[in-house]
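Biologist: Please show me the model, and then let us go through a few of its side chains and helices one at a time.
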Amino acid sequence: MIQLQGVSKVYSNGAVGLNNVSLTIEKGEFVFITGNSGSGKSTFLRLLFKEIDPDHGKIIINNKDISKLKRRQIPYLRRDLGMVFQDFRLLPNKTVYENVAFAMQIVGATSREIRKNVPIVLGLVGLARKARCYPNELSGGEQQRTALARAIVNNNPILIADEPTGNLDPATSWEIMNCLQDINRRGVTIIMATHEREIVNTLKKRVIEISNGQISKDVHEGGYDDEVEYSQVFI
């Protein structure tokens with residue numbers, strides 16, 4: 001589903017984002033992206049979402065080389081990509097229902113499709129009773145679940161999550177992780193950047209560690225039974 005082939009990105013100030021990175025992420029995988037601040041995690045996610053372009057190499061998503069996409073084609077790429085941010089990025093003047101519906105409106109969904117799909121997705125993330133609430137009336141966990149609903153309402157096959165539990169307490173973080181696992185079980189490929197050692201150690205999904213712009217570890221599910229090995233990803 002996703003391939004990076006010799007991808008490099010250097011910023012104008014000389015900072016190295018990625019350096020000759022190659023990897024494959026298969027359909028339906030749940031992948032944690034780890035690494036220290038400045039290691040290249042954000043560059044990796046931004047390249048997938050085509051916020052930035054690589055200097056060298058190819059990025060292939062669903063058999064399309066997105067490195068060659070023209071600007072007018074980017075919205076069509078993003079119909080396959082849901083994005084969830086640490087700071088939620090909800091529209092404050094819209095209700096939960098309207099925030100999620102807006103994601104369908106911008107891709108041209110009909111009113112009938114919106115009325116059908118939005119309640120289903122809100123039910124999936126446990127927000128059916130909060131549909132008429134505004135973001136400032138929600139807890140942090142509820143806001144993040146709204147962001148999750150918005151990211152998947154168009155049946156996006158790929159979900160990219162950038163530190164989605166970073167602003168949440170531990171109990172609420174696990175609520176979000178349970179939602180993400182439910183979404184993954186429905187066949188959605190999830191790529192999640194995180195610093196949360198406990199989450200990674202407990203779930204034992206695939207872990208890709210980025211250090212100084214390169215992959216320093218790639219641990220597949222079941223690759224290590226010893227939790228210490230997972231902890232080393234955060235050294």
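Biologist: In this predicted model, is Lys 130 buried, exposed or partly exposed?
Modeller: Buried requires under 20% relative accessible area and exposed requires over 50%. Lys 130 has 28% relative accessibility, so Lys 130 counts as partly exposed.

Biologist: With which residue does Lys 130 form a salt bridge?
Modeller: The closest N and O atoms of the pair are 3.7 Å apart, and the cut-off is 4 Å. Lys 130 lies in the loop between helix H4 (111-124) and helix H5 (140-152), while its partner lies in helix H5, so the pair ties together parts that are twelve residues apart in sequence. At 14% relative accessibility that partner counts as buried. The partner is Glu 142.

Biologist: Lys 50 and Asp 53 also meet in a salt bridge; what relative accessibility makes Lys 50 count as buried?
Modeller: The N to O distance of this pair is 2.5 Å. Asp 53 counts as partly exposed, at 27% relative accessibility. Lys 50 falls under the 20% limit for buried, and its value is 3%.

Biologist: Which residue forms a salt bridge with Arg 185?
Modeller: Arg 185 and its partner both lie in helix H6 (residues 170-185), three residues apart, about one turn of the helix. An α-helix has 3.6 residues a turn, so residues three or four places apart point the same way. Arg 185 counts as exposed at 60% relative accessibility, and the partner as partly exposed at 30%. With the closest N and O atoms 2.5 Å apart, the partner is Asp 182.

Biologist: Which residues are joined into one network by salt bridges that share partners?
Modeller: By the 4 Å rule, the count comes to ten salt bridges. Shared partners join Glu 29, Arg 206 and Asp 218.

Biologist: What span should H6 have from its number of residues?
Modeller: H6 has 16 residues, counted at 1.5 Å a residue. Its end C-alpha atoms are 22 Å apart, which agrees with the expected span of 22 Å.

Biologist: What lies at the two ends of H6, and which residue just after H6 takes a positive phi?
Modeller: At the start of H6, a side-chain oxygen of Asp 169 reaches to within 3.1 Å of the backbone nitrogen of Ala 171. Just after H6, a phi of about 100° is taken by Gly 187.

Biologist: Against which elements do the buried residues of H6 pack?
Modeller: The buried residues include Thr 172, Ile 176, Met 177, Leu 180 and Ile 183. The elements they pack against are strand S3 (30-34), H4, H5, strand S7 (158-162), strand S8 (189-193) and helix H7 (197-203).

Biologist: How many residues are in the largest nonpolar core?
Modeller: Phe 32, Leu 148, Leu 159 and Leu 180 touch the most other members of this core. The elements that give two or more residues to this core include S3, H5, S7 and H6. Apart from it lies another core of 28 residues, among them Phe 44 and Ala 193. The number of residues in the largest core is 41.

Biologist: How far apart in space are Gly 213 and Ser 39, C-alpha to C-alpha?
Modeller: Gly 213 is found in the loop between strand S9 (206-211) and strand S10 (214-219), and Gly 213 is buried, with a relative accessible area of 0%. Not counting residues up to four places away in sequence, Gly 213 touches Ser 39, and also residues including Gly 17 and Val 21. Gly 213 and Ser 39 are 174 residues apart in sequence, and their distance in space is 5.6 Å.

Note on methods
Residues are numbered from 1 along each chain as its sequence is written. This is a predicted model: local features need pLDDT of at least 70, side-chain atom pairs count only at pLDDT 80 or more; totals for chains, interfaces and linings use all residues. Side-chain values use heavy atoms; hydrogens and water are left out. A salt bridge is a side-chain nitrogen of Lys or Arg within 4 Å of a carboxyl oxygen of Asp or Glu. Buried means under 20% relative accessible area, exposed over 50%, partly exposed in between (1.4 Å probe, protein chains only). Helices (H or I, at least four residues) and strands (E, at least two) are DSSP runs, numbered from the N terminus. The expected span of a helix is 1.5 Å times one less than its number of residues. Contact means heavy atoms within 4.5 Å. A polar contact is a pair of N or O atoms within 3.5 Å; within protein, one must be able to donate a hydrogen and the other to accept it, and residues adjacent in sequence count only if both atoms are side-chain atoms. A nonpolar core is a set of buried Ala, Val, Leu, Ile, Met, Phe, Trp, Tyr and Cys residues joined through side-chain atoms within 4.5 Å.
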